Amino acid sequence: MKSSERILEFDVNKQRLTKKRDCNFANIVAGSVGYLKAKFYFSQDEWRDCRKAVSFWKDEEEYAVLLNENDECLIPSEALTGEKFLVSVTGARSDYRITTNKTKVKQEVY
């Protein structure tokens, strides 16, 4: 991780997406651009060999991003403008698709 980035970590267990327990989600401030990243830890075979995309939701607007080979992505700045954003993950392979719940991340707005 570069010192100019902050990584929010998430666990994915089957179809359940949660914030990683030992990751600090405090003091996230709205308005970041090119700063916040997300990293996902997949614990089940259901996700093996899937191409994975993360959706970041602000209000009803969805901003989807493909995960890189390390299961990380930059969080789109468009999702980082309000008091909260939601996160969900989708995986697909051949004729198989799996999705998770949406998890809320709170932000401070000044």
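Is Trp47 buried or exposed? Select Trp47 and check: at 1% relative accessibility, Trp47 counts as buried. Keep in mind as you click around that this is a predicted model.

**Stop 1: the ring beside Trp47**

With Trp47 still on screen, add Phe42. The two ring centres lie 5.0 Å apart and the planes meet at 45 degrees, so this pair counts as tilted. Now bring in Lys52, which lies over the face of Phe42, at 4.5 Å from the ring centre. For another lysine over a ring, pick Lys39 and Tyr41: the charged end of Lys39 sits over the Tyr41 ring, 5.1 Å from its centre.

**Stop 2: the open sheet**

Switch to cartoon and find the open sheet of 4 strands, whose order is 2-1-3-6 with mixed pairing. Its edges are strand 2 and strand 6 (72-74), each of which pairs on one side only. Look along the sheet and you can follow the twist, which averages 25 degrees from one strand to the next.

Next, select strand 1 (6-13) and strand 3 (36-42). These two run parallel and are joined by 7 bridges. Two partnerships are handy for getting your bearings: Ile7 in strand 1 has Lys37 as its bridge partner in strand 3, and Phe10 has Phe40.

Then move over to strand 6. Strand 3 pairs with strand 6 in the antiparallel sense, over 3 bridges. Lys37 turns up again here, standing opposite Leu74 in strand 6. Strand 3 as a whole is mostly covered, with 5 of its 7 residues buried.

**Stop 3: Phe10 and Phe40**

Zoom in on Phe10 and Phe40 and show their side chains. How many aromatic pairs are there by the ring rule? The count comes to 4. In the Phe10 and Phe40 pair, the ring centres are 5.2 Å apart and the planes are at 15 degrees, which is under the 30 degrees cut-off, so the pair is stacked. Phe10 belongs to strand 1 and Phe40 to strand 3, so this contact ties together parts that are 30 residues apart in sequence. Both Phe10 and Phe40 are buried. Add Phe25 to the selection and you have a cluster of three names, Phe10, Phe25 and Phe40, linked by ring pairs.

**Stop 4: the core**

Pull back a little and colour the nonpolar residues. The largest nonpolar core has 25 residues, and those with the most contacts inside it are Leu8, Phe10, Phe40, Phe56, Phe85 and Val87. Strand 1, strand 3, strand 4 (51-58) and strand 7 (84-93) each supply at least two residues of this core.

Leu8 is a good one to centre on. Which residues is Leu8 in contact with, leaving aside its neighbours within four places in sequence? Among them are Cys23, Phe25, Ile28, Leu36, Ala38, Ile75, Phe85 and Val105.

**Stop 5: around strand 7**

Follow Phe85 from that list into strand 7 (84-93) and look at what pairs with this strand. A general reminder before you turn on hydrogen bonds: strands of a sheet pair through backbone hydrogen bonds, either parallel or antiparallel.

Three partners are worth selecting in turn:

- Strand 4 and strand 7 are antiparallel, with 7 bridges; look for Trp57 standing opposite Leu86 in strand 7.
- Strand 9 (residues 103-106) and strand 7 are antiparallel, with 4 bridges; here Phe85 stands opposite Val105 in strand 9.
- Strand 8 (residues 96-99) and strand 7 are antiparallel, with 4 bridges; here Thr90 stands opposite Thr99 in strand 8.

Stay with strand 8 for a moment. Strand 7 and strand 8 form a hairpin with 2 residues between them. Click Ser94 in the turn and check its backbone torsions: phi is positive, at about 30 degrees.

**Last stop: Ala26**

Finish in the loop between strand 2 (16-19) and strand 3, where you will find Ala26. At 36% relative accessibility, Ala26 counts as partly exposed, whereas Trp47, back at the start, is buried at 1%. To close, draw a distance between the C-alpha atoms of Ala26 and Asn13: they are 13 residues apart along the chain and separated by 23 Å.

Conventions
Residues are numbered from 1 along each chain as its sequence is written. This is a predicted model: local features need pLDDT of at least 70, side-chain atom pairs count only at pLDDT 80 or more; totals for chains, interfaces and linings use all residues. Side-chain values use heavy atoms; hydrogens and water are left out. A nonpolar core is a set of buried Ala, Val, Leu, Ile, Met, Phe, Trp, Tyr and Cys residues joined through side-chain atoms within 4.5 Å. Buried means under 20% relative accessible area, exposed over 50%, partly exposed in between (1.4 Å probe, protein chains only). Contact means heavy atoms within 4.5 Å. Two strands pair if DSSP finds at least two bridges between them. Axes are lines fitted to C-alpha atoms, for helices over the stretch in contact, and angles run from 0 to 180 degrees between N-to-C directions. Rings of Phe, Tyr and Trp (its six-membered ring) pair if their centres lie within 6.5 Å; planes under 30 degrees apart count as stacked, over 60 as edge-to-face and the rest as tilted. A charge sits over a ring if NZ of Lys or CZ of Arg is within 6 Å of the ring centre and within 35 degrees of the ring normal.
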